[in-house]
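Work through the exercises below with the sequence and the model side by side. Each task is followed by a solution in steps.

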Amino acid sequence: MKAAFVTGIEKVEIKEIDKPAISDTEVLIKTKTVGVCGSDLHLFRGTHPFRHAPAILGHEIAGDVVEIGSKVTNIKVGDRVTVEPQVGCGEMCKRGLVSLCSGKKVPGTPEWIGAFSEYFNADEKTVYKLADQTSYEMGTLAEPLAVAGLKIFFGGDEDIG
């Protein structure tokens, strides 16, 4: 499959890579739309605090589920979905503040493929079905709109997404 990699400062290449294998609790999504976030621009410019080249861009995604793990119960093949692009751990997560977790797993790092790829894997607990009337483009906006809400709630201009 094809994926868009940042290979160096302000350098992007399309590369052929293997389709991600999924675990028992994950789904495989055929990518339909992906947004470009400010954090993607930080990666592209070489200024992101923890995402560094080489890395696949993107985490704002919508698409179709094409495969599910054996323990997935709430998502089925054919569902139109978006993804909460973070899996947290630690104290902030226990308080419901996964976006502030210092140990979270996010796309575009060695632990999780980026969304600028033909297929994207995600744990079922981070996957949300789109309503029939919701376009893929609007589904892609779910994550940035959620981040904007957090910024309004917590204040400040720091990038927490």
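**Exercise 1: strand pairing**

Task: find the bridge partner of Gly63 in strand 6 and describe the pairings of strand 5.

Solution. In strand 6, Gly63 has Val81 as its bridge partner. The model is predicted, so to speak of local features a pLDDT of at least 70 is needed, side-chain atom pairs count only at pLDDT 80 or more, and totals for chains, interfaces and linings use all residues. Residues are numbered from 1 along each chain as its sequence is written, and side-chain values use heavy atoms, with hydrogens and water left out.

Step 1. Strand 5 and strand 6 (residues 80–83) are antiparallel and share three bridges; two strands pair if DSSP finds at least two bridges between them. Helices (H or I, at least four residues) and strands (E, at least two) are DSSP runs, numbered from the N terminus.

Step 2. Strand 3 (residues 26–34) also runs antiparallel to strand 5 (residues 61–68), with seven bridges joining them. One of the pairs involves Thr33, whose bridge partner in strand 5 is Ala62.

Step 3. Place these strands in the whole chain, which has four helices and eight strands. Their order from the N terminus is β-β-β-α-β-β-β-α-β-β-α-α.

**Exercise 2: the buried side of helix 1**

Task: state which residues of helix 1 are buried, and what covers them.

Solution. Step 1. Helix 1 (residues 38–45) has Ser39, Asp40 and Leu43 as its buried residues, where buried means under 20% relative accessible area, exposed over 50% and partly exposed in between (1.4 Å probe, protein chains only). These residues lie on the same side of helix 1 because they cover an arc of only 105 degrees around the axis; the arc is that of the directions from the helix axis to the C-beta atoms.

Step 2. Recall the general rule: an α-helix has 3.6 residues a turn, so residues three or four places apart point the same way.

Step 3. The cover over the buried residues includes strand 1 (2–8) and strand 4 (55–56). Just after helix 1, Gly46 has a positive phi of about 80 degrees.

**Exercise 3: two residues compared**

Task: is His59 buried or exposed, and what does Val12 touch?

Solution. Step 1. His59 sits in the loop between strand 4 and strand 5 and is buried, with a relative accessible area of 5%. Its contacts (heavy atoms within 4.5 Å), not counting residues up to four places away in sequence, include Ser39 and Asp40 of helix 1, as well as Pro107 and Glu143.

Step 2. Val12, in strand 2 (residues 11–16), is partly exposed at 40% relative accessible area. With residues up to four places away in sequence left out, Val12 touches Ala4, Phe5, Val6, Thr7, Phe44 and Leu57.

**Exercise 4: core and ring**

Task: which residues touch the most other members of the largest nonpolar core, and which charged residues lie over Tyr119?

Solution. Step 1. A nonpolar core is a set of buried Ala, Val, Leu, Ile, Met, Phe, Trp, Tyr and Cys residues joined through side-chain atoms within 4.5 Å. Among the 21 residues of the largest one, Val27, Ile29, Val83, Trp112, Phe120, Ala122 and Val127 touch the most other members. Strand 1, strand 3, strand 5, strand 6 and strand 7 (119–123) each supply at least two residues.

Step 2. Lys19 lies over the face of Tyr119, 4.6 Å from the ring centre, and the charged end of Lys30 sits over the ring of Tyr119 at 5.1 Å from its centre. The criterion is NZ of Lys or CZ of Arg within 6 Å of the ring centre and within 35 degrees of the ring normal.
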